[in-house]
Amino acid sequence: MWLVSLRDLQFRARRFVIAVAVTSLVFGIALAIDGMRRSVEGEGPAIVALFGADQWLVARGATGPFTTTRVLDAATAKVVGGTRGVRRADPVVLSRTVVATDPEKDANLVGHVLGGLGSPPITEGRKAQTSGEAVVSSGVPVAVGDRLVAGGESFRVVGKTGEGRYYFGVPSVFVSLHDAQRIVFKGQPFAMAIAVRGTARAPAGTATLSDAQVERDLNRPVEGGIQSIVVMAVLMWLIAAGIIGLIVYLSAIERIRDFAVFKATGAPSRIIVGGLMLQAVLVAVAAAVLGIAVSRLVGLGLPFPSEVGAAGVLQLVVISIVVGVLASLAGVRRALGTDPAVAFGGK
């Protein structure tokens, strides 16, 4: 029966090639969308880890350094840094800004102590060493050595980093703490938080947060977007199942007399079921393999990176097999309901 099913695939090759092509497009879009989800979910832990902090001090009542509008005195870092158990404490300014590219582009503004916590790893150029210099993440369309206007201030881009994108892939501009204070607070010595390496006791008017708490607070504003991405991916899987199911069902209808012959000659139902499921799974897996390449092309048109790694590919293959099995059920039901009398010209 399995050989017969393979021969049927060959006999109806054009139909199945079209099914594979269309389904691979659906699978590719779904894989790219799932890569977006993975990318967004990984942004929070990545930007928090970039600071290398063990604790965060924020103003009492603030939910977290990335989302708060409550500020504290940057001088608190000196007080905390001199206490026992603290190896380093640096104030940070975290805000949103607009860079004057063509067209203008939203960006995250990260103000940090140069050479301290929050200094990003460099992939091109060098680290910022003085006021007026900036390091940009991927997504900011400038080259090392260019002038960049961010928040109304002009900076010379001295380096690029592959880190720092968050809030659905929004790129970041890393500048000195004083430059960020000039943009956000008109030069007042405030900070959104104190990044602490070590263990500190919270001074009066402040509270401590762990990295995990900061990540949860950072991810809260994007939870709705992530849920929307998941729903879109599920819809794509359902569409793929519908396409494959339709093709297998049509194949089952056209092979009614074949199934009748099998049943009349005593072939067990599992053979018939296995043959149809084999067709569906082969179509689904072939579409999944092509879908990997499609997802790369789709990713080129997305506004931020789509992480299509080994885990995503493995998930696609597993889902494609499940989709193939589920999609074959309608055809299986039709085949099992075939009257053996049809083999002898009956209805």
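This passage describes the internal cavities and a nonpolar surface patch of the structure shown above. The model is a predicted one.

A search of the whole structure turns up two cavities of 30 Å³ or more. The largest cavity holds about 50 Å³ of space. Its lining is formed by His112, Leu114, Gly115, Ser119, Pro120, Lys127, Ala128, Val135 and Phe174. Sorted by class, the residues lining the largest cavity comprise five nonpolar, three polar and one charged.

The second largest cavity has a volume of about 40 Å³. Around it stand Val40, Glu43, Gly44, Tyr166, Tyr167, Phe168, Leu218, Asn219 and Val222. Two helices are worth picking out here: α2 (13-50) and α5 (211-219) each contribute at least two residues to the lining of the second largest cavity. Of the contributors to this lining, α2 gives the most, with three residues. By class, six of the residues lining the second largest cavity are nonpolar, two are polar and one is charged.

Attention now turns from the interior to the surface. Here Val230, Val231, Val234, Leu235 and Leu238 make up a nonpolar patch of about 430 Å². One of these patch residues, Val234, belongs to helix α6, which covers residues 223-254. Is Val234 buried, exposed or partly exposed? Val234 counts as partly exposed because its relative accessibility is 41%, and the partly exposed class lies between the buried limit of under 20% and the exposed limit of over 50%.

Notes: Residues are numbered from 1 along each chain as its sequence is written. This is a predicted model: local features need pLDDT of at least 70, side-chain atom pairs count only at pLDDT 80 or more; totals for chains, interfaces and linings use all residues. Side-chain values use heavy atoms; hydrogens and water are left out. Patches are made of residues with over 30% relative accessible area and no salt bridge: like charges are joined within 9 Å, nonpolar side chains (Val, Leu, Ile, Met, Phe, Trp, Tyr) within 5 Å. Accessible areas come from the Shrake-Rupley method with a 1.4 Å probe; for residues, only the protein chains shown count as cover. A salt bridge is a side-chain nitrogen of Lys or Arg within 4 Å of a carboxyl oxygen of Asp or Glu. Helices (H or I, at least four residues) and strands (E, at least two) are DSSP runs, numbered from the N terminus. Buried means under 20% relative accessible area, exposed over 50%, partly exposed in between (1.4 Å probe, protein chains only). On a 1 Å grid over the protein atoms alone, a cavity is a set of points where a 1.4 Å probe fits but cannot get out, and a pocket is an open set with protein on both sides within 12 Å along at least five of seven lines; lining residues have an atom within 4 Å of a point. Grid points are joined across faces, edges and corners, and a volume is the space filled by probe spheres set on the points. Ala, Val, Leu, Ile, Met, Phe, Trp, Tyr, Cys and Pro count as nonpolar, Asp, Glu, Lys and Arg as charged, and the others, Gly among them, as polar.
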